[in-house]
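Colleague: I have a two-part model open and want to learn how to read it. Can we go through it feature by feature?

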Amino acid sequence: MYTFSGKLKTFSIALMILGALGMGYGFLTAPKTTEDIKEILHQEESHDVAQGDEHATTEVHASADSESHSAEAEQNHLEHVLHQLQNRPWAAYFVAAFFFLMIGVLVLVFYAIQWAAQAGWSIVLFRVMEGITAYILPGSILLFLFLLASGFHLNHIYVWMAEGTFDPTSENYDAIIDGKSWWLNTPSWLIRGFVYLFVYNIFRWLLRKNSIALDNSGDVKIYKKNFNLAVIFIVLYAILELFMSFDWLMSLDPHWYSQLYSFYVFASMMVSGITVIALVTIYLRKKGVLPFVNDKHIHDLGTYMFGFSIFWAYFWFDQFMLQWYANIPEDTAYFFPRLIGSYQLPFIGMLILNFVFPIFILMDKDSKKTPWFVIVTGLVILFGHYIDIFQLIYPATVGDNWSIGVPEIASLLFFLGVFIFTIFSSISKVPLHAKGNPFMKESEIYHG
Amino acid sequence: MSNKVIQAMYDDDDVLLKAVKETREANHHIEEVFTPFPVHGLEKAMGMKGTRIAIAAFIYGLTGLGFAIWMMNYMMIEDWPQNIGGKPNFSYVENMPAFVPIMFELTVFFAAHLMVITFYMRSKIWPFQKASNPDPRTTDDKFVMEVELSGNESELSDFLKKTGAIELKVADKA
């Protein structure tokens, strides 16, 4: 039985408070009017002029050209930049909320796969996985708040929600998005969002309830019930994840589409989820509460991390290469800010963090069995995939004026605090040894 | 000198595994074990060193990757620059994404084929090689353990019988 140490509890609460303060600061200091934007852009311009003469001459050229532009167009541009900068604290919130929620959900998927496959090796890790999935409930609530705020126009994260997009008489009318309006409209989008989250929560609740009941009775009927639930959940999840990624992430760029997108998001979050299982397991083993977990279990988790890192890179490249080769303007619009524009560093840099680094570190059998190797690689992988979610959301919402500042770091800290607090208080509630599971013996004597 | 071995036959892999452990504990030298299928944990019980084929595979893979990089550069950039889909055909770096599938395939191709060939060479299975298993039944459902005969023959025979051998045969090791 694990007890939630006071030190860790204080640490997680401190993270939450710090994060909440930072997020509040981010929301309060976001620019309010186009006047603020004018000032910001002006400051940047004068900064650029100071940089060098060559640059300055092009600036002058540009401003001479823009004199012919109407004042209305300039006002539109300012409003656009204003919306982007107002989006920043919301986008930072969304990145963190989505990242941690999907870790919880994907751990539940991994857990369900263990049930459906009747895997023997992983039973000693079941309570750890269940503990991590405890985050799904608070995570869903926090994310749904964001969805509601977007649905009720408190931010401009989703451009297709703007007024007049579906109205042919409006100047905001967009025929391409209007063609998708049977699917992409705010009420049904909110209902679908609720359905996804509801399904994740109900299956988490049922699987956990049965798993605990199995401990007390050892009744094989409960085992079969959980097996069936796990199979249904995997199928449901596969379908829902497809549309969830389209709804929440791909619709940020409503003109662009990629059929691979959902698998890409899945791969990214799957490797993060398994990494979190490995990190929490190593931590708990160090505390001495997982006496049956040996190096072979860690080795297997390391193998999954290795495998899914390659899986992720495969999708990253597939999605990129097809559109790079075809070179169709509406496709490349998505890749332009990432490959050539201002998001080049995170987009290319994460390949090193998420693919090159884990592949070389985790290739050797011995390094997968060495806990501190797995910890270091795991932290790099988690950081890399956080950047991955960041670059999925930011280019379409915040645009070229992005930076890593208070809103981004504060959101990460806040959600990390909630995550740590929820999973460890859930883990401390029940014995960590799932003694009722019929395959427990196999897991206990599992040695490589 | 004694080049003789005792070939002890077993009819169950669990019994064989136990016999291998007991024989080694009694300080007899096991020359070879013949089995119709891979027996899990046998190498460990026999005290064999871990295989180095993983390192070989890594080197083969890098060879394939290097070959693919060189090949695509020679074929598509140097020898006969080809303009496909308007991609810049005089620059390797800007054309690189198109070559990645080939790099991947050749890495796998080299690693897989050279690994199989290495395995055959190390196991001395090349064309026209005669089968070296002492009894054809080891390709069906029996297991044979070859133990070096260095001391008293009847003593070793008794010992092997006790470990569950169903048939014993003394043979000359060439």
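What follows is a short dialogue on the folds, the helices, the loops and the contact.

Modeller: One caution to begin with: this is a predicted model.

Colleague: Start with overall shape. What radius of gyration does chain A have, and what would a compact globule have?

Modeller: Compare the value with that of a globule of equal length. For 448 residues, a compact globule would come out near 22 Å. Chain A has 24 Å, which agrees. Its C-alpha trace spans about 80 × 45 × 45 Å along the principal axes.

Colleague: And what does the test give for chain B?

Modeller: There the two values part. A compact globule of 174 residues would be near 16 Å, but chain B has 25 Å. The C-alpha trace of chain B spans about 80 × 30 × 30 Å. Now look at the domains. The assignment gives domain 1 as 4–49 + 134–172 and domain 2 as 53–122. The C-alpha centres of these two domains of chain B lie 46 Å apart.

Colleague: How many residues are buried in each chain, as a percentage?

Modeller: In chain A, 41% of the 448 residues count as buried. In chain B, buried residues make up 16% of 174.

Colleague: Next, secondary structure. How many helices and strands does each chain have?

Modeller: Count the elements, then read their order. Chain A comes to 17 helices and 0 strands. Chain B has 5 helices and 4 strands. From the N terminus, the chain B order is β-α-β-α-α-α-β-α-β.

Colleague: How do I check a single helix, say α3 of chain B?

Modeller: Set its expected span against its end-to-end distance. Helix α3(B) covers residues 53–79, 27 in number. At 1.5 Å a residue it should span 39 Å; the end C-alpha atoms are 36 Å apart, which agrees. There is a bend too, of about 30 degrees, at Asn73(B).

Colleague: Which residues of α3(B) are buried?

Modeller: Start from the helix geometry. An α-helix has 3.6 residues a turn, so residues three or four places apart point the same way. The buried residues of α3(B) are Tyr60(B), Gly64(B), Ala68(B) and Met72(B). Their cover includes α4 (92–122) of chain B.

Colleague: Now backbone angles. Where is phi positive in a residue other than glycine?

Modeller: Take two cases. At His153(A), phi is near 65 degrees. His153(A) sits in the loop between α6 (136–151) and α7 (175–179) of chain A. It is exposed, with 12 other C-beta atoms within 10 Å. At Phe128(B), phi is near 70 degrees. Phe128(B) lies in the loop between α4 and β3 (143–148) of chain B. With 4 C-beta neighbours inside 10 Å, Phe128(B) counts as exposed.

Colleague: What does His447(A) touch, leaving aside its neighbours within four places in sequence?

Modeller: Separate distance in sequence from distance in space. His447(A) is in the segment after α17 (440–444) of chain A. It is in contact with Asn294(A) and Lys296(A). Asn294(A) is 153 residues away along the chain, yet the two C-alpha atoms are separated by 7.6 Å. His447(A) still counts as exposed, because it has 8 C-beta neighbours inside 10 Å.

Colleague: Last, the contact between the chains. How many residues does each chain give?

Modeller: Count each side, then sort by type. The contact takes 5 residues from chain A and 5 from chain B. The chain A side divides into 4 nonpolar, 1 polar and no charged.

Definitions and conventions. Residues are numbered from 1 along each chain as its sequence is written. Chains are lettered from A and ligands numbered from 1 in the order in which they are written. This is a predicted model: local features need pLDDT of at least 70, side-chain atom pairs count only at pLDDT 80 or more; totals for chains, interfaces and linings use all residues. Two residues are in contact if their C-beta atoms, placed from the backbone, lie within 7 Å. Ala, Val, Leu, Ile, Met, Phe, Trp, Tyr, Cys and Pro count as nonpolar, Asp, Glu, Lys and Arg as charged, and the others, Gly among them, as polar. Helices (H or I, at least four residues) and strands (E, at least two) are DSSP runs, numbered from the N terminus. The radius of gyration is taken over C-alpha atoms; the globule rule is 2.2 Å times the number of residues to the power 0.38. A residue is buried if 20 or more other C-beta atoms lie within 10 Å of its own, exposed if 12 or fewer, and partly exposed in between; C-beta atoms are placed from the backbone. The expected span of a helix is 1.5 Å times one less than its number of residues. The bend at a residue is the angle between axes fitted to the seven residues ending there and the seven starting there. Domain bounds come from an automatic or database domain assignment.
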